[in-house]
Amino acid sequence: MLAVAMVARGLCVPRRDDAPWYWLVSWRASEIDALCKRIILQATPRTEHVFASILDRLPSDIRARVDSLLPNASATRQEKEQAHEAIYEVLQKHKHQVFQRSMRSPCLAHKGCVCPLAWQDPSGAPTRDRPLTMNVSGPVCLPWSQFGKSEGMGHESVPALHVWLAEMSVMKYDVVTMENSPRMPLHVFASEMSPSSEVVSLVFGPEDMGWPVMRRRLCASAIRRDSLVWVGPLEPAAVKSHFMSFFARRVAADGDVFSGIDDLDSISATRTAVAKRQHKHVENFNVHDAQVVDLYSGRKKARVEDYMGILATSGGGHLSGSLVCDVTQDPKKRPRQHPWIPTITRSTEAVLLKHGHPRGGHVFTQREMACAMGWPSVKTDAGQQYEKATLFDTYRLSANSQKLLQGNSMHLAAVTTWLAYVMCHTIRRDIVAEYSPDLRMLRDAVSNDVNETISARHVKDAESDRLDFDIRS
Ligand SMILES: [Zn+2]
């Protein structure tokens, strides 16, 4: 899913033989969802290799061991956790034989071929003589998501997580970035990547950076110590304040900035679809001019009315006259009072309720919700400027396909910000060593900084000679 998001955002830039100056090669994507695989394969230009389930890359004997340990669906949560722990042990025992840079797997982009999973430059070469390698993954978040069953390490997706972690711990990527639910225990990732990597993490959402969208996620990156030097802070609180010092913005707009930006046909089709699902005889009333609450019936109508009650009693204060609700969620069980787009799941139906709106509000189209999440999915004037950087035109997708893509990934612009932050605070170790005299000058220059910033931290490190030790070891 994350790979699709990066394709849609134009972040995957595959190698182009006619452009020897390329700076970023998208070597592979791994995906199990049929729609996502189709998008990755149709993106132009396309990532070099496309693989399916990461379980498929296990050698047959290890795969058979893993399959034999999988718990029955009727097993208790404890039994499932124990079975997954046994799978973890098998993978840990064999990971150094199983996961090697020469490893190959059946490729969807080259039918009938087994293609290399990893870039083939020797990772043992000095960093200056090889490109840096990065893996960005979004392991399934349902084990910890508040919208899932909170099955934790007993969830059926955990064996795939163990395979990914085992691979990441031995494949020597210079940077490994993971995106997941804020409820995922970070030590699951950090313990696997340490001590060979420095692990930094942050829980944040687009709402921290000014977007009127609620989507808190965990981003964590592991930076290899033998090839790179992390020059940012390490403690989570310090990472947060440092990151926010660059990107934090107050949310100045309501979620209604996304309402009505889709074309009229799509808006009309969305209202009609809602009414058809709710009423057997949609021809009995005027769908286009109906009040938004009247499009619904039964339980969903009751929820909209409950949300209207919340809006009416808010006094216009923090809601500033508008509220965006998810009619699939009961406000009595999951109360939320925000004028921002709520956390979007696969089932979300977002509705704007607004004082003074001629129809009482607006039913968000799938494209509008995708646009709120950073997908270039709506034909706005601004969006056209990014068309050349977009490898796949999500505007072509049906409303249902848009829906399938939403709810699983971090807000695209937000996750892009984290990647930019990580890349801007990571330096090749050999370059640090070569230019260390200059860095000492820089260090002296920042020592007058009155703020307790990362620069200040490194000044302290330098005073204790830790930095000198690090760059020469
Ligand atoms: Zn291939």
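Q: Among contacts between residues at least 6 apart in sequence, what share joins residues at least 24 apart?
A: In this predicted model, 66% of those contacts join residues at least 24 apart.

Q: And how many helices and strands does the protein have?
A: The protein has 17 helices and 13 strands. Of its 473 residues, 39% count as buried.

Q: Let us turn to α5. Which residues does it cover, and how many are there?
A: Helix α5 runs over residues 158–170, which is 13 residues. From the first C-alpha to the last it reaches 19 Å, close to the 18 Å expected at 1.5 Å a residue.

Q: Is α5 largely enclosed or not, and why?
A: Helix α5 is largely enclosed by the rest of the structure, because eleven of its 13 residues are buried. Among them are V158, L161, W164, L165, E167 and M168.

Q: What do those buried residues pack against?
A: The buried residues of α5 pack against three helices, namely α3 (60–69), α4 (77–98) and α6 (187–193), and against the strands β5 (134–137) and β6 (175–180).

Q: How do α4 and α5 pack, in terms of angle and axes?
A: Helices α4 and α5 pack at an angle of about 25°, and their axes are 10 Å apart. Angles under 35 degrees count as roughly parallel, so α4 is roughly parallel to α5. The crossing of the two helices is right-handed.

Q: Which residues meet there?
A: On the α4 side, the residues include H84, Y88, L91 and K95. They belong to a group that meets residues of α5, including P159, H162, V163 and A166.

Q: What happens just after α5?
A: Just after α5, K172 takes a positive phi of about 60°.

Q: Changing topic: β5 and β6 came up earlier. In what order do the strands of their sheet lie?
A: Four strands form an open sheet in the order β5-β6-β8-β7, with mixed pairing. The edge strands are β5 and β7 (197–204), each of which pairs on one side only. On average, neighbouring strands of this sheet are turned by 10° against each other, direction ignored.

Q: Do β7 and β8 run parallel or antiparallel?
A: Strands β7 and β8 run antiparallel, and eight bridges join them. Strand β8 covers residues 217–224. Within this pair, V200 stands opposite S221 in β8.

Q: Which helix packs on the sheet?
A: Helix α13, residues 412–424, packs on the sheet and touches β6, β7 and β8. The direction of α13 makes about 155° with that of β6.

How values were computed:
Residues numbered from 1 in each chain as written. Predicted model: local features only at pLDDT ≥ 70, side-chain atom pairs only at ≥ 80, totals over all residues. Expected span 1.5 Å × (residues − 1). Buried ≥ 20, exposed ≤ 12 C-beta atoms within 10 Å, placed from the backbone. Contact = placed C-beta atoms within 7 Å. Pairing = 2+ DSSP bridges. Axes fitted to C-alpha atoms, helices over the stretch in contact; angles between N-to-C directions. Parallel < 35°, antiparallel > 145°, perpendicular 65-115°, else oblique. Left-handed = near helix turned anticlockwise from the far one by under 90°.
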